[in-house]
Amino acid sequence: MFAGTGRREWSKEAKRVVACMGSQRIIGGGLGLSEAGPSTHHHHHVPSYGVLHGINTANPSTLINEGHAFNFGELEEAIVLQGVKARNDEGKAPLFTTAPRPAATLEMFPSWPIRFHQTSRGGSKSGGESTDSALSTKTEPPFEAESPMSKKATTPSLDHQHQLQHDHHDASRIVGPSSSPQNQSQAKSPHEKRKGAGSTSEKPLDAKTLRRLAQNREAARKSRLRKKAYVQQLESSRLKLTQLEQDLQRARSQGLFMDCGGVGGNLSSGGAMFDLEYGRWLEEEQRLMGELRNGVQAAVSEGEMRGIVDGYLSHYDELFRLKSVAAKSDVFHLINGMWTSQAERCFLWIGGFKPSDLITMLIQQLEPLAEQQIMGMYGLRHSSQQAEDALSQGLDQLQQSLVDTIAGGPIVDGVQQMVVAMGKLANLEGFVRQADNLRQQTLHQLCRLLTVRQAARCFIVIGEYYGRLRALSSLWASRPRETLMSDDNSCQTTTDLQMVHPSHHQNHFPSF
Amino acid sequence: MVGVGVDPLERIERLASENAVVIFSISSCCMCHAIKRLFCGMGVNPAVHELDEDPLGKDLERALIRLLGTSSVVPVVFIGGKLIGTMDRVMACHINGTLVPLLKEAGALWL
């Protein structure tokens, strides 16, 4: 679109303009830089309006009204030219289409050097064009984002050539209408050229000017980097927010959160974290269930089925690992079962399912089984029951001991009493861990007792069973309550369930 | 039993070999209570050594920690003089069906 040399020329023009204006840091890296000498090239394409972000990041206090008359059109044209390169640089033009600021700051530019008029395409033409281009480019999508030059954004260099390219690409921010007389008063160079129209453009840039221009570039570069970092931060935050919203949605749809506002504040960060992880675990579990079903239906090879079954088992191992971590930070959250659905909570045993109950269900659902396997299942159930009884009795003793500590005797030393009680409470974590250990061992033993295909069916049954419990919880949570109120204290739970719209069933029981 | 001069580890080994099932416990520990209930529920009569009731209990506890490599050391179970481990291991053995044969072998259970 723009000839390479053409770009440079515009840039030179713009730089000169800026130099003339003595604008400082606001102009930043793009404009007003090392270029010296009058431009001898006149042709400019109408460039797209660059981003004036550099202005935004510049110190707003410097955007003081200049008060001097100047040629808005000329300046704008130069700015536009720079803006083209700037767009190349970051490829983020969509972000840079803020219009109001640039317009406001443009007006603050000091008087335009006469020389620019002579060397530019012509005031009238540029004025008209730049206005149009300014307006049109506000919504122009980024172009030449793949320009090889766009990589150079971050290296300030005193080399003029380098600067040219650098400026080209970074210039979008540079459109430094933010330059102001204020800035100029801060200029390092003692002799500012703002006042005289045409006074500076005819002199070659001296050392001080060069230094100032270099500083401008540096400042602009830093602004750009800051903005880039900020934008990246925003985007990653946005992604996180989306993820959190999805997790929340998922958790709500599974009836994991109590809708009782009063205890909303009780969810600790450890508990909340576990809830989120559990939500993701459930999603993955659904996916693995799909794999299991496919494997069974497609009658895949034994080796492949073994892999799928092992994958499902490992997924449960992962759950127990998550729970052990959560138990350290918030054991009560696990024990009170708020992380699980209401129906599952009904059958909760020390923070999870009761293995012997699961095996009882499986023995019925997995028929027909070989004699040996049935015996193995009954044996497993028996062992599990013994272990469960032992743990339950241990927990009872803990409870009793705690009651004795809290209730016992006159409160001579309340603090000591609490310390002892806290020590006893700490044992809860051990019980939840042992209960999870029991659950984990039971699942592994099931796999050992059954053939690969039986194990696959077994896991499908388990997955569906808990899926239905969760579905039941959702249905229950969403049942119409008005019907309860219309009754005079009569127990209508079964009819209430029947009154739920049948379509709900379809949503919740897809595998039936 | 023996005087202070005996190495705690030796003492542990000796105690462990005196009965078919030996549990090192602490009287106030609820997990120890649970493991005792487990064995009793299976019909086993374990010999229990409460470390907090033993004058040299602290030494024994330290020796057990070294033996097991964990800091939460009780309850610890020995069957037939061999170290089985803490609650974790005992439950795993029970579920995978290896505990009962061990008990029978040690003479703690007979059907």
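**Group meeting: a walk through the two-chain model**

Okay, let's start at a loop: Ala299(A) sits between helices α10 and α11 of chain A. Before I go on, keep in mind that this is a predicted model.

So what is odd about the backbone at Ala299(A)? Its phi is positive, about 50°, and the residue is not a glycine. Ala299(A) is also exposed, with a relative accessible area of 55%. It comes after α10(A), which brings me to that helix. α10(A) covers residues 269-298, and at 1.5 Å a residue its 30 residues should span 44 Å; the end C-alpha atoms are 43 Å apart, so the two values agree.

There's a second non-glycine with positive phi, Ile350(A), with a value near 45°. This one is in the loop between α12, residues 342-346, and α13 of chain A. Is Ile350(A) buried or exposed? Buried, at a relative accessible area of 10%, with the cut-off for buried being under 20%.

Staying with backbone geometry, we have cis peptide bonds too. One runs from Glu367(A) to Pro368(A), with omega near 0°, and Pro368(A) belongs to the loop joining α13, residues 355-365, to α14 of chain A. Another is in chain B, from Val74(B) to Pro75(B), again with omega near 0°. Pro75(B) is in the loop between α3 and β3 of chain B. Hold on to Val74(B), please, as I'll come back to it.

Now chain A as a whole. It has 20 helices and zero strands, and 50% of its 512 residues are buried. If you take contacts between residues at least 6 apart in sequence, 84% of them join residues at least 24 apart.

On to packing. Which residues touch the most other members of the largest nonpolar core? That core has 99 residues, and the answer is Leu362(A), Leu443(A) and Ile462(A), along with Phe39(B) and Leu103(B) from chain B. The biggest contribution to this core comes from helix α11 of chain A, residues 302-335, with 13 residues. Take Leu443(A) as an example: setting aside neighbours within four places in sequence, its contacts include Leu313(A), Tyr316(A), Phe320(A), Phe459(A) and Ile462(A).

Next, the part you may want to look at on screen: the largest pocket, with a volume of about 630 Å³. It has 28 lining residues, and nearest its centre are Asn427(A), Cys29(B), Met31(B), Ser72(B) and Val74(B). So there's Val74(B) again, as promised. What is the make-up of the lining? It divides into 13 nonpolar, nine polar and six charged residues. Helix α16(A) gives the largest share, six residues. Other elements supplying at least two residues each include α14 of chain A and, from chain B, α2, α3, β4 and α4.

Let me finish with α4(B), one of those lining elements. Seven of its nine residues are buried, so the helix is largely enclosed by the rest of the structure. Among the buried ones are Met87(B), Val90(B), Met91(B) and His94(B). What do they pack against? In chain A it's α14 and α16, and in chain B it's α2, β3, β4 and α5. After α4(B) comes Gly97(B), with a positive phi near 85°.

That's my tour, thanks.

Conventions
Residues numbered from 1 in each chain as written. Chains lettered and ligands numbered in written order. Predicted model: local features only at pLDDT ≥ 70, side-chain atom pairs only at ≥ 80, totals over all residues. Heavy atoms only, no water. Core = buried A, V, L, I, M, F, W, Y, C linked by side-chain atoms within 4.5 Å. Buried < 20%, exposed > 50% of the residue type's maximum accessible area, 1.4 Å probe, protein only. Helix = DSSP H or I, 4+ residues; strand = E, 2+ residues; numbered from the N terminus. Contact = heavy atoms within 4.5 Å. Expected span 1.5 Å × (residues − 1). 1 Å grid on protein atoms, 1.4 Å probe; cavity = no way out; pocket = protein on both sides within 12 Å on 5 of 7 lines; lining within 4 Å. Points joined across faces, edges and corners; volume = space filled by probe spheres on them. Nonpolar A, V, L, I, M, F, W, Y, C, P; charged D, E, K, R; others polar.
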